[in-house]
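Let's take a walk through this protein together. Keep the model open beside the text and follow along.

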Amino acid sequence: MATTEKPAKKKKKKATSGTKQKVLKGIVIALWVMFFGVVVGLPLYIYTVSINFLGLYGGMPGFSSLENPENDLSSELYSSDGVQLGKYYRKNRVNATYEELSPNLVKALIAIEDVRFEGHSGIDPESMGRVAFGVVKYAVTGNKGNLEGGGSTLSQQLAKNLFSLRSDERYEGKLYGISRNIDMLFNKTKEWITAVRLERSYTKKEILAMYLNTVEFGSNSYGIKTASQTFYGKNPNELDVQEAATLAGIVQAPSRLSPIYHPDAAQLKRNTVILKMAEHDYISQATADSLVQQPLALKYSVESHNQGVAPYFRSVIKDFLTSWAREHGYDIYEDGLKIYTTIDSRLQKYAEEAVSGHMNKLQTKFEKEWSGRNPWVDESNREIKGFIEQEATKSEHYRKLVRKYGKGADSVAIVMNAKRPMRIFSYKGEIDTLMSPMDSVRYYKRFLHTGFMAMDPYSGAIRAWVGGIDFKHFKFDHVMQGKRQPGSTFKPFVYATAIENGYSPCYTVYDVPRSYPTGGDPPSWSPSNSDGKFTNQPMSLREAMAQSINSVTADIMYKMKPENVISLARRMGIKSDLEPVLALALGTSDVSVYEMVGAYSTFVNKGVYTQPFFITRIEDKNGNVLFQPQPKTVEALNEETAYLMVHMLKGGTELGGGTALGLSRELRHNIEIGAKTGTTQNASDGWFMGITPELVAGAWVGGDNRSIRFRSWLSGQGARTAMPIWEDFMLKAYNAPELDIDQTSFETPREPLSIEINCAQYNQNYGGTPTSEPDTSGINTQAPIDPGDIF
């Protein structure tokens, strides 16, 4: 028994020893396989992904893309004094440099997103180790595990934000679509590779800035610069700790962590960031404990195209910019262009204040004068029946209803008359109310409108532009887009034609009723003065223009002929259709404020018409100049004629009965001013055009339709509706020391005048009344010019 048991025991020992050796050998082989997989297989896999081996994985951003990453950037509009007027964008994003970031923001972001940011080269080994198992598990089972559990560094997140590796078809290869899990593995690998490449191409500071410029913060805020303004009304370098922590926390989930729509979640996340900052010694624990008790304290304001400085101006030039950008291969909504304009933000502010202040008071007067009656009336001040119903058919809302239900359908009338919540304009602020679309048309048609523009008469630079009373509710621009009858402000073109052809400002014409043959229907034209009376006395041309005497202007028009007056107006930049009739002398053809201000500037600029322009240059996002227009000029008048017209216009503020004598004594006594008022039939339009040695400006005021007007002609005349805007603007402009507007007198011609302007001497020479008129047989009929487009 003993001998048989002993060999059996030895055999068992031998078997156990062999098993151990086999297990040990297996472990060694497994380790070698794993080692080979990690050392050789993983790099080989990464390499094949990086070169898109056989097109299996899809492409990756090239080195040129890494050096010039594309991102939608808002184009910015700047004033001549360096103030941002506004932006054009689809995604409201403006890049910030690292130097523009608050240190609080940098610390908050690193604390919550990538605490080892300064120590890694795009991939954080510690975080990767934590999620490596999660990657494999997700690829096999679809369970995310730790895949999104904090393994992505800021560089990896930047790679994903910049190049859309997960959504761009350019980055999809032949193996894509087999499995979502496999796709995710490939995408993650590409992000790791791109992150490392970014680290090699940029400094840590540049990566931080780029990251903050690419992330979304909600509320149409893309990038930290826009987000800081949206949520706190300040620049990124001004953010304090709790503000920086709030914004750093938002980026993980802009919707779920929105401080506007989910304030509790946002505050909880902010507190987490603050405590992380304390944990990593960016702030003290005591500071953190104090800050987490504070409310979010937002100053929330979403930037809108309806708000900001010069909204009408921005809207009008957008059409030019869009056309220019398309022609030159740019997109103003994405390419981050810098557009520098002629607008002076200070003068623009004065213009907007002048318009708002006066139009508010004028609207109150307008409503009081009508005493609750509807202001849309005929020539006899009787209400026009069916006016609102007709105007409503022009609205986009009505046209949509007709397309939906058919013209004449009962449903159209039902919807148009159904009350619904609306936010409407008022000078005291917007009002939330219940109103039907038809009531809305009726409400808005009661408002008076305006257009105002000021420019440098020498350079042609437009300095201020106000196209209406409120851009949000009234989009139509009354500076360039709107055209109305100019009334007596057109008379200087008639007198300039006479002056150009040898007439003196002292030449006299009797103020008497006359009839002129028209050669049409009616066969004659018999103009009357605004008050219907005639003095039957001789009057100099300067006196007649100063007092706006129609009979004298009509007589000069008859002598000069409408075609020749139109020719001169064309040379001075009036492009609108002008009807060649005698009545044109009284301003019966529609023109724009833009045209009139440009034309009047010709008088100040020694006869040279300089087309009003509004852009000085356009740069790309890197500061390269793409467009730098040169002002277009035309010698419209000779220097003497221009100066004599300045002298004529000054009569409005210097002579008895001058229509501009109502201007502030401070203005009239301190600077030389030439001016002309204009009021059309029934006071439908009120105008005021004024020239000074450094600025020329014009204003129009009227209803949305010519039938909407003051009940009395006296209330609606230009001296009362438009002149106060011009006066308020000029008082502020000339009293602003920072603007350096100090020239008080117009420049005189270099050569002595060939025409006598001392009317006492002139009358002595001619015995009171000239015995003969200037020879106009060779009247100047220079061909009209086309001033061209905006530039």
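What follows goes from the whole chain to one small sheet region, then to a cavity and a few unusual backbone spots.

First, a word on what you're looking at: this is a predicted model. The protein chain has 791 residues, and 51% of them count as buried. Its secondary structure comes to 28 helices and 20 strands. Take the contacts between residues at least 6 apart in sequence: 71% of them join residues at least 24 apart. As for the outside, the chain exposes about 36,800 Å², with carbon and sulfur atoms supplying 52% of that area.

Now find strand β1, residues 75-78. In a regular strand the side chains alternate between the two faces of the sheet. Here Ser75 and Leu77 point one way, Glu76 and Tyr78 point the other way, and all of them are buried.

Which strands does β1 pair with? One is β2 (residues 84-88), which pairs with β1 in the antiparallel sense over four bridges. The two form a hairpin with five residues between them, and Gly82 in the turn has a positive phi of about 85°. Another partner is β5 (residues 338-341), which runs parallel to β1 and is joined to it by three bridges. Glu76 is a handy marker for both pairings. In β2, the residue standing opposite Glu76 is Lys87, while in β5 the bridge partner of Glu76 is Lys338.

Next, let's look for empty space inside. Rolling a probe the size of a water molecule over the atoms shows where empty space is left. Searching the whole structure this way turns up five cavities of 30 Å³ or more, and the largest has a volume of about 80 Å³. What lines the largest cavity? Its lining includes Tyr458, Phe603, Val604, Lys606, Glu639, Tyr643 and Phe746. By type, the lining residues split into eight nonpolar, one polar and three charged. Two helices, α22 (593-604) and α23 (639-654), each supply at least two residues of that lining. The largest share, four residues, comes from α23.

While you're at α22, pick out Thr602, which sits in that helix. Is Thr602 buried or exposed? Its relative accessible area is 0%, so Thr602 is buried. Leaving aside residues up to four places away in sequence, Thr602 touches Met572, Gly607, Val608, Tyr609, Ala636, Leu637 and Ala642. The last of these, Ala642, is also in the lining of the largest cavity.

Finally, here are some backbone spots worth a look. The peptide bond from Asp521 to Pro522 is cis, with omega near 5°. You'll find Pro522 in the loop between β11 (516-517) and β12 (524-525).

Two other residues have a positive phi without being glycines. Ala310 has a phi of about 55° and is found in the loop between α11 (285-291) and α12 (311-327). Lys561 has a phi of about 80° and lies in the loop between α20 (550-560) and α21 (562-571). How accessible are they? Buried means under 20% relative accessible area, so Ala310, at 1%, counts as buried. Lys561, at 37%, counts as partly exposed.

Note on methods. Residues are numbered from 1 along each chain as its sequence is written. This is a predicted model: local features need pLDDT of at least 70, side-chain atom pairs count only at pLDDT 80 or more; totals for chains, interfaces and linings use all residues. Side-chain values use heavy atoms; hydrogens and water are left out. On a 1 Å grid over the protein atoms alone, a cavity is a set of points where a 1.4 Å probe fits but cannot get out, and a pocket is an open set with protein on both sides within 12 Å along at least five of seven lines; lining residues have an atom within 4 Å of a point. Grid points are joined across faces, edges and corners, and a volume is the space filled by probe spheres set on the points. Ala, Val, Leu, Ile, Met, Phe, Trp, Tyr, Cys and Pro count as nonpolar, Asp, Glu, Lys and Arg as charged, and the others, Gly among them, as polar. Buried means under 20% relative accessible area, exposed over 50%, partly exposed in between (1.4 Å probe, protein chains only). Contact means heavy atoms within 4.5 Å. Accessible areas come from the Shrake-Rupley method with a 1.4 Å probe; for residues, only the protein chains shown count as cover. Two strands pair if DSSP finds at least two bridges between them.
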